Amino acid sequence: MPMGYVGKRIARVDSPDKVTGKSIFPADLYFDGMLHAKVLWSEYPHARILGIDASAARAYPGVVAVLTAEDVPVNEYGINIMDQRVLAQDKVRSVGDPVALVIAESERTAGAARRLIVVEYQELPGVFDPREAMAPGAPLVHEEKGTNVLKHFFVRKGDVAAGFAQADVIVEGYYHTPHQEHAYLQPEAGVGLIDEQGRVTVYVAAQWPHDDVHQIAHALNLPETQVRECVTAIGGAFGGREDISLQILVALGAYKTRRPVKLVYTREESIRGHGKRHPFFMRHRTGATRDGLLVAAEIELISDAGAYASTSIPVLANATSFAAGPYQIPNVSIDTYTVYTNNLVTMAMRGFGSTQPPIGYESQMDKLAERLGLDPVEFRARNVLVNGSIAPTGCVMEHGVGMKEALERAAQAAGWQRKSSTWTRPQIAQPKEPNKRLGLGVACSWKNVGYSFGFDDKAGARVELYLGRGGAIERAVVKIGASDVGQGVETALAQIAAETLQVPIDRIEMMLSDTAVVPNAGSSSASRHVFMSGSAVQRACQEALGRLGGQEAGAGQSVVAEYIFRGREAHPTTNFDPVTGLCDPHISYGYVADVALVQVDTETGQAELVKMWAAQDVGRAINPTMIEGQVDGGVLMGQGYALLEEWIQERGYIKTRNFTEYLIPTVLDVPKEIVPIIVEVPDHGGPFGAKGVGEMTTIGVAPAILNAIHDATGVWIEELPASAERIHQALKKKAGK
Amino acid sequence: MQPLVMKLNGQDVTLQIDPSTMLVDVLRDELHLTGTKVGCNEGECGACTVLVDGLAVDSCLFPALKADHREVTTIEGLAFDDELHPLQQAFIEVGAVQCGFCTPGMIMAAKALLDENPSPDEDEIKLAISGTLCRCTGYTKIVAAVRAAALKGGK
Ligand code: FES
Ligand code: FES
């Protein structure tokens, strides 16, 4: 009899510890003899280091060590390209570069001694706009590379000139999205120590512990077997903990002092010490025929990589593949660039290159629909990808394409009707106040699941079954290095294990931590854990069950199985073709349709999200409550991106340094209603048909809000955030004032 | 160093502290009651919310000596013998917990509200937790959990 754990609203397995304060986050760790560290940060966005005098700091009572570049065995790291320095060497490229690490008996002492370090800088001209950084003669962020352009991708599908010649309507737009700060509530913290076996051990909240170990071992010039990372409870991540932050610093501190070393960032240091969402500049030209069919799209995207590569190349690759939207467009030409600047490094953030593009392509869709006199849902419905369609990168979308279902479900929920086979919008009653206008906006969007472009995505899981009387499973231990950043992967994987093994969920024991014990399951990113790690757990459980069947099983015995699931078992992917750029980029996709109801005050320009219908094609819902939670949080984060959040740097200096200067939504900003709509178009490559959830909930929110603002007021806002001032200016311009 | 005497989670506690210490540092660094979190140390996020004589305060801005001879309640003091407080129960059941970093502060802010006003309406709930940030949940299920706890007569 199936137990039905998949699809059930199971309470999160980690929540009892979280509501009682028992969960241990990295700053909650205290060890005997523990030292405390403080980072000295770069003072300039771009400068040569002529000398560092740490003698006074070293002589300060209570100081144990002051570490600089020469103390780092191999002074380089980076998740994609190792172009970052653990401690700045010769020059600084952003104000986020750590220059020295002070280690002392107390945090206060470390902080006091930090002020005694004298760094002699020679300031260099910097470059702060990626478009300027591309120009010949711009100051070089990494001289040895000879250019600031880190990567250029392109896609040539069909013949865009011929496509535009067929078009009855052509619209253009130039869009800009700003930096966004992750603003997870838990600032970076970690402890490094030498364990009883002599291994360098790091306790930290991290998205990809096994990759951290690789980078720590590299920097310390140790074999990876001599480095361990233990993941504590994680206070939110959203991509911001995918890269190394302080892991190598605390590891180095412990390695040098042989004592536990704790480092806790202040909020200001957290904002300075991790990268941001990439700003994009996006130029679009899109053409459609009178019948409402898309015929051509020409797109240029430029992203600001900041001072280091981080994941800017894979983010750009993703953005390239999503640039034209989830639509059938026969002729496509895309060029994308990511460019070094002396701004803070930019990195993964919820959406990973799928969040910025819909600001462009979905504005284009509404502009076209308006010019064609078509309802925005109807226009999209005629063009969205369906099973068998050819994607903008030239691959066939074989199965599981839930875009149309998501669009129809969201539209229906928001009141659209299908009249004589045409989608027709609902009439909305406008508020009585003459300065208040309501508008409805629609956005479709899409996002990959898993690592893409031919990368060999792997997730390993180990399952141990302990048997009781009659050979029944008394306890099942699932070991998997999958970080629960708050998204609930621990619970989802426990549900998958319980369902596969057909045992009550309270007999499943999850072990996610300690790289010395649990298999590498890849990062908590790319919305991949349910699909990839879920598959690994499912297969490992199946294998264990198979072994169980084949042996004389009795009380006290155990059965063990390990499985490494590879993304290509579900769907092999390919990289950009060197000549055409065409590719089959992703293992799987989530499809999203959002409809926003927005009210704009036409006097002040203030826009307010009133209601959001959010349809997510998740393939198969493992836990509807957790999906709703992702939708609620994703909508609010997208709303912040659309209307409120503005992370500002001026010529490389951070102007929004804390939660007073960088505002994120509070409970008072929550819209009247968020309607999560769970769409289940299965992907047979995923466990029980599941795809992914976490990132998809954010990506369509801002474009839906922008389109609603246009619907309410008639102005197109092409730059985020759509602040009161920006809308007010646009309204004034429209009125000819 | 100065003496600090307080009733902490129902127990008398006496310790010697540096007078410039904030309450959160006494709780965390001296007593290792780490359920109270630090998200900003500047009164901006509410993660450090505890109750002093029943009132919710940001313990990162609350000088520890101001708690002298007063009653302090932290998240660790909420469950009674292993029996969860109705707010804790509701947070679990409704699904109001994601990363959990804001959770202790949220629950303490909500407890101060329910102790004062056992059946708050939605606006009152929102106002009570408006100084506590959450980046994960979008607050919707947190508000729902507080309401569910109130309905169950949670104090
Ligand atoms: S830590 Fe006290 S308000 Fe943020
Ligand atoms: S649950 Fe993560 S901050 Fe609230």
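The largest cavity in this predicted model has a volume of about 600 Å³. It is one of seven cavities of 30 Å³ or more that the structure holds. Quite a crowd of residues gathers around the largest cavity: its lining counts 36 of them, and the ones that lie nearest the centre are Gln487(A), Ser527(A), Gln630(A), Val693(A) and Gly694(A). Three helices of chain A each give two or more residues to this lining, namely H13 (489–501), H14 (529–549) and H16 (624–644). H16(A) provides the largest share, with three residues. As for chemical character, the lining of the largest cavity is a mix of 17 nonpolar, 14 polar and five charged residues.

Next in line comes the second largest cavity, with a volume of about 300 Å³. Here 27 residues make up the lining, and Tyr77(A), Gln84(A), Gly96(A), Pro98(A) and Gly273(A) sit nearest the centre. The elements giving two or more residues to this second lining are two helices of chain A, H7 (247–257) and H8 (267–273). Sorted by class, the lining of the second largest cavity splits into 13 nonpolar, eight polar and six charged residues.

Domains come into the picture for the second largest cavity too. Its lining takes at least three residues from domain 1 of chain A (34–44 + 47–124 + 185–273) and at least three from domain 2 of chain A (280–392 + 400–452 + 576–734).

Technical notes
Residues are numbered from 1 along each chain as its sequence is written. Chains are lettered from A and ligands numbered from 1 in the order in which they are written. This is a predicted model: local features need pLDDT of at least 70, side-chain atom pairs count only at pLDDT 80 or more; totals for chains, interfaces and linings use all residues. Side-chain values use heavy atoms; hydrogens and water are left out. On a 1 Å grid over the protein atoms alone, a cavity is a set of points where a 1.4 Å probe fits but cannot get out, and a pocket is an open set with protein on both sides within 12 Å along at least five of seven lines; lining residues have an atom within 4 Å of a point. Grid points are joined across faces, edges and corners, and a volume is the space filled by probe spheres set on the points. Helices (H or I, at least four residues) and strands (E, at least two) are DSSP runs, numbered from the N terminus. Ala, Val, Leu, Ile, Met, Phe, Trp, Tyr, Cys and Pro count as nonpolar, Asp, Glu, Lys and Arg as charged, and the others, Gly among them, as polar. Domain bounds come from an automatic or database domain assignment.
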